[in-house]
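Ready for some practice in reading a protein model? Keep the picture open beside you and take the exercises one at a time.

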Amino acid sequence: MSLFLSVLTLSPLNYEYFAFDKINLFVILILLVTAILFFVLKARRGKTLSIRKIAGLEAVEEAVGRATEMGKSVLFVPGSRDLDDLQTLAGLSILGSVARMTAQYEARLDVPVNRSLVMAAGQETVKEAYLAVGRPDLYRPEMVHYITDEQFGYVAALEGIMVRERPAACFYMGAFLAESLILAETGNSIGAIQVAGTAMPVQLPFFVAACDYTLIGEELFAAAAYLSQDRRMMGSLKGQDVGKAVAMFAIVIGSLLATIVALTGSSFVGSLFRAFIRLFALNY
Amino acid sequence: MTMWDMIVLWIGGAMTLMIFSFLYKDNPFYKFAEHLFVGVSAAFWMVKAIQTTMIPNMWAAIWPKSVTGILHAAQHTEPNYVRLIPLGLGLLLLSRLMPRIAWLSRWAMAVLIGFTSGTYLVRYLQSDFIAQIRSTLIPLVVVTPQGLDVIQSLLNCVLVFGVLCALMYFFFSLEHRGVVGGISRAGIWVLMVAFGASFGYTVMARISLLIGRIDYLGEWLQSFGKIL
């Protein structure tokens with residue numbers, strides 16, 4: 001009891017729970033969440049939602065099939081960051097889809113990771129995927145194995161795995177740092193089909209240069225929905241498109257207003273522009 | 001240079017050459033360096049996690065008196081029992097080691113993933129959505145007291161239209177055909193130009209790292225003279 005009392009007395013009652021200077025962010029967030037929920041509910045009611053083709057993801061099944069035919073393994077690297085990075089979560093979602101394919105094709109899957117939590121989440125993901133396609137007998141916890149937290153120690157081990165195991169397909173999906181080019185070049189040298197996906201702007205050029213297909217930025221987050229064709233995830237993707245449409249609309253309107261102000265010096269349009277730009281202020 | 005410095009220099013030089021030997025092909029020297037690196041770093045990170053996270057953030061917070069003589073900053077503070085919550089979640093993660101109650105680890109994982117998603121939603125909304133839109137609300141024509149600023153106007157147009165085209169590329173609801181296809185193709189061009197610039201910049205940074213390593217090897221070679 002005393003323990004709970006202590007916890008209760010520590011509750012931050014003096015904190016401000018609502019930051020009114022961020023009311024604009026709240027409104028925008030509500031609009032975006034509403035759009036996402038709308039499409040998710042629409043999808044759940046049975047409405048068919050479609051999204052455009054993503055070339056890199058069309059190649060995933062082909063790559064797994066090739067690995068099966070060649071009797072070689074499939075290497076999946078879920079980035080080099082921990083679970084507190086959304087790209088790692090996106091990578092693990094894609095791992096689920098790739099694991100379903102390897103289970104169906106009976107291909108060997110190898111997922112070396114550099115964070116203990118990613119290993120735990122990865123094992124759960126792969127296990128569920130193998131269960132979902134009715135092949136729990138093929139699942140082995142060692143498929144997802146920990147190497148080391150050290151970035152370049154991890155890379156050195158991955159390079160070793162690549163040149164010794166010679167996987168036929170390499171997937172790099174998640175947050176990558178300086179290791180991106182090292183991995184992609186090694187994969188290239190062993191002749192593997194390589195599909196990469198990251199939202200790290202600095203690393204994307206290396207993947208684009210050295211991999212067969214690259215998922216750029218948000219394509220990584222769309223990939224899990226695309227591969228699984230899960231209705232709820234597709235709905236979420238559609239909702240996010242609404243956010244992009246809002247952004248494009250705001251940019252067009254804002255730039256036009258700014259241009260009119262620059263050309264005419266109109267004080268009325270100027271005040272309109274100031275009011276408009278204030279909507280996108282970090283502190284309203 | 002002391003004897004110890006010399007030993008460190010020699011180990012560093014030998015390890016560098018062992019790792020570089022991978023450029024030729026996989027070989028026993030590389031394997032040795034790789035396994036040593038992985039083993040030492042795994043142990044190092046484990047010890048570091050205990051020293052920098054578990055002792056100061058958990059042990060010292062829950063039981064400050066126990067760290068007397070170890071952590072001076074924590075020994076006079078009051079116990080913070082809120083830290084028992086993450087401790088409990090951490091223990092739940094360890095339940096994976098016991099198959100019968102392994103399912104409990106999902107609770108900890110769910111909290112972690114939920115917290116990450118919730119926290120980053122607001123952060124990304126501010127930095128990757130709102131701030132980006134605001135930075136793009138610029139006039140397409142820039143007029144200064146001296147007249148029309150052609151260069152700045154051109155730069156602004158490239159920025160605004162570049163952002164719109166790139167955004168269209170990331171629009172998943174529409175097939176990239178017709179007008180949408182044309183705009184998204186322009187968007188991918190914008191992205192590729194940006195990637196090209198980033199590629200060159202990063203390669204330059206990597207070359208400076210290589211120079212640093214070669215410089216280290218040079219220092220190592222010079223040490224031969226001191227020994228001989």
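Here are five exercises, each followed by a worked solution.

This is a predicted model, in which local features need pLDDT of at least 70 and side-chain atom pairs count only at pLDDT 80 or more, while totals for chains, interfaces and linings use all residues. Residues are numbered from 1 along each chain as its sequence is written, and chains are lettered from A and ligands numbered from 1 in the order in which they are written.

**Exercise 1. Take stock of chain A.**
Find how many helices and strands chain A has, and what percentage of its residues count as buried.

*Solution.* Start with the elements: helices (H or I, at least four residues) and strands (E, at least two) are DSSP runs, numbered from the N terminus. Chain A has 11 helices and six strands. Next, burial: a residue is buried if 20 or more other C-beta atoms, placed from the backbone, lie within 10 Å of its own, exposed if 12 or fewer, and partly exposed in between. Of the 284 residues of chain A, 49% count as buried. Finally, the C-alpha trace of chain A spans about 70 × 65 × 45 Å along its principal axes.

**Exercise 2. Trace the sheet.**
Work out the strand order in chain A and which strands stand at the edges.

*Solution.* Two strands pair if DSSP finds at least two bridges between them. Following the pairs gives an open sheet of six strands, in the order β3-β2-β1-β4-β5-β6 (chain A), with parallel pairing. At the edges stand β3 (144–146) and β6 (213–216) of chain A; each has a single partner strand, so one side of each is left without a neighbour in the sheet.

**Exercise 3. Visit both edges.**
Say how many bridges join β2(A) to β3(A), and how many join β5(A) to β6(A).

*Solution.* Begin at β3(A): strand β2 (residues 108–113) of chain A pairs with β3(A) in the parallel sense over three bridges. Here Val113(A) stands opposite Tyr146(A). Now go to the other edge, where four bridges join strand β5 (residues 193–198) of chain A to β6(A), also in parallel. Gly197(A) has Leu215(A) of β6(A) as its bridge partner. Then look at where the residues of β6(A) point: Tyr213(A) and Leu215(A) go one way, Thr214(A) and Ile216(A) the other, and all are buried. This fits a general pattern: in a regular strand the side chains alternate between the two faces of the sheet.

**Exercise 4. Check a helix.**
Test whether the span of α6(B) agrees or disagrees with its number of residues, then list its buried residues.

*Solution.* The expected span of a helix is 1.5 Å times one less than its number of residues. For the 50 residues of α6(B) that should give 74 Å, and the end C-alpha atoms are 73 Å apart, which agrees. The buried residues of α6(B) are Ser184(B), Gly187(B), Leu191(B) and Phe195(B). Their cover includes α8 (204–210) and β6 of chain A together with α5 of chain B.

**Exercise 5. Describe the interface.**
Which element gives the largest share of the side of chain B that touches chain A?

*Solution.* Two residues are in contact if their C-beta atoms lie within 7 Å. By that rule, 52 residues of chain B are in contact with 57 residues of chain A. Two or more residues each come from α2 (28–62), α4 (105–136), α5 (150–169) and α6 (178–227) of chain B. The largest share, 15 residues, comes from α4(B).
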